[in-house]
Amino acid sequence: MKAAVLHQPKTPLVIEDVAIGKPGPHEVLLRTAAVGVCHSDLHFLDGAYPFPMPVVLGHEAAGVVEQVGSEVRTVKPGDHVITCLSAYCGHCEHCLTGHLSLCVEPDTKRREGEEPRLLANGAPMNQFLNLSAFAEQMLIHEHALVAIRRDMPLDRAALIGCAVTTGMGAVIHTARVSPGETVAVIGCGGIGLATINSAAIAGAGRIIAIDRVPGKLELAKQFGATDVINAADVDAVEAVRELTRGGVHHAFEAIGLKQTAEQAFSMLRRGGTATVIGMIAPGVKIEIKGTDFLAEKRIQGSMMGSNRFPVDMPRLVDFYLSGKLKLDELISRRMPLENINEAFDELRRGELARSVIMFEH
Ligand code: ZN
Ligand code: ZN
């Protein structure tokens with residue numbers, strides 16, 4: 001099968017033939033239908049986060065089941081599915097207390113000594129986050145996917161695989177935004193827009209979108225932002241404090257930078273909570289004022305929206321099909337796998353909401 005392989009950080013992906021194995025007892029072989037190009041892939045491609053090479057990146061996918069292992073009961077060939085990097089073991093403390101996205105047990109990977117899921121020219125090819133979705137097929141653990149309704153278009157379903165689950169989960173699960181509360185979202189890329197949309201679904205009162213690109217702020221209004229702030233023109237913290245007379249109940253950071261994480265904390269009202277969704281580079285430290293703890297301000301991380309994806313994703317599909325969740329507007333461009341490097345160039349320039357790679361089978 002064809003896959004986009006990364007050999008060295010900061011080099012273009014190369015389309016190559018990669019061999020894929022047969023499903024073990026708890027594994028599923030998928031035909032990839034669509035995969036979103038996410039900013040997290042770019043962090044690994046650019047070497048900001050380390051990962052063993054060569055590797056097939058990609059982690060925001062939807063597809064069709066081709067073959068299932070002998071013990072798989074939840075899906076069958078022909079089922080439409082969304083994948084998730086939050087593969088869960090089902091028996092560790094995190095899983096048993098309902099925090100599936102925190103599971104780090106190795107049970108969902110193949111063991112040392114077993115044949116790897118992916119091979120190139122007879123040598124092991126690393127699988128990225130248990131998925132490796134920039135490929136015509138995927139061989140993954142059964143706890144890394146969930147079946148969805150057949151009437152859901154697969155290109156839009158793919159976005160639920162990361163961006164939308166992350167944004168929605170940050171609002172609903174991690175921060176637990178209540179109706180009427182005020183929300184600020186810093187960064188209006190795919191995840192930021194999904195966060196804004198989710199805040200609207202959760203019934204947030206004012207939803208303030210912050211970015212430096214006017215086109216993204218326009219898009220933010222379509223996704224439910226009641227106010228927009230261009231951080232290139234004004235001090236975002238001052239502007240939020242002024243709009244909300246003292247600060248927001250919830251600030252979400254959807255970029256992954258020190259400065260914006262600190263801003264998220266600074267724009268809170270007393271008792272407010274900042275939720276950092278963006279991936280902060282290793283080694284970076286966040287500085288906040290210690291006296292703000294006397295005002296009961298909180299800052300917390302959100303990993304993949306604290307999801308319980310087998311429950312969350314089918315609900316998000318229902319939200320889309322009933323018109324509440326915006327996915328059409330999130331896709332700025334569709335392209336074949338061959339053009340994947342263009343999608344990353346566009347991500348680096350920060351212009352577009354989301355590119356989706358489409359597979360013709
Ligand atoms: Zn992602
Ligand atoms: Zn677990």
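## Tour: a helix pair and two zinc sites

Select helices H3 and H8: Arg156, Ile160, Gly161, Val164, Thr165, Met168 and His173 in H3 meet Asp312, Met313, Leu316, Val317, Phe319 and Tyr320 in H8. By class, this contact has eight nonpolar, three polar and two charged residues. The model is predicted.

Now show the full helices, residues 154-174 for H3 and residues 309-321 for H8. Their axes lie 10 Å apart and make an angle of about 100°. H3 and H8 are therefore roughly perpendicular to each other, since angles of 65 to 115 degrees count as such.

Stay on H3 and pick Cys162, whose SG is one of the protein donors of the zinc ion (ligand 1). The other protein donors listed for this ion are Cys38 (SG) and His59 (NE2), and the distances are 2.0 to 2.2 Å. Along the chain the spacing reads C-x20-H-x102-C. His59 sits in the loop between strand S5 (55-56) and strand S6 (61-68), 103 residues from Cys162 in helix H3, so the pair links distant parts of the chain. Switch to a surface view: His59 has 1% relative accessibility and counts as buried, and Cys162, at 2%, counts as buried too.

Next, centre on the zinc ion (ligand 2) and select Cys89, Cys92, Cys95 and Cys103, which coordinate this ion through SG at 2.3 to 2.4 Å. The donor residues are spaced C-x2-C-x2-C-x7-C in sequence. Check the angles at the metal: the four donor atoms subtend 106 to 114°, which makes the arrangement tetrahedral. For comparison, the ideal angle for four tetrahedral donors is 109.5 degrees. Finally, pick Cys92 and Cys95, which are both buried.

Note on methods:
Residues are numbered from 1 along each chain as its sequence is written. Chains are lettered from A and ligands numbered from 1 in the order in which they are written. This is a predicted model: local features need pLDDT of at least 70, side-chain atom pairs count only at pLDDT 80 or more; totals for chains, interfaces and linings use all residues. Side-chain values use heavy atoms; hydrogens and water are left out. Axes are lines fitted to C-alpha atoms, for helices over the stretch in contact, and angles run from 0 to 180 degrees between N-to-C directions. Helices (H or I, at least four residues) and strands (E, at least two) are DSSP runs, numbered from the N terminus. Angles under 35 degrees count as roughly parallel, over 145 as roughly antiparallel, 65 to 115 as roughly perpendicular and the rest as oblique. Contact means heavy atoms within 4.5 Å. Ala, Val, Leu, Ile, Met, Phe, Trp, Tyr, Cys and Pro count as nonpolar, Asp, Glu, Lys and Arg as charged, and the others, Gly among them, as polar. Donors are N, O and S atoms within 2.8 Å of the metal (3.2 Å for Na, K and Ca); water is not among the atoms, so sites may look incomplete. Four donors count as tetrahedral if all angles lie between 85 and 135 degrees; four count as square planar and six as octahedral if opposite donors are over 155 degrees apart and all others between 65 and 115; anything else is irregular. Buried means under 20% relative accessible area, exposed over 50%, partly exposed in between (1.4 Å probe, protein chains only).
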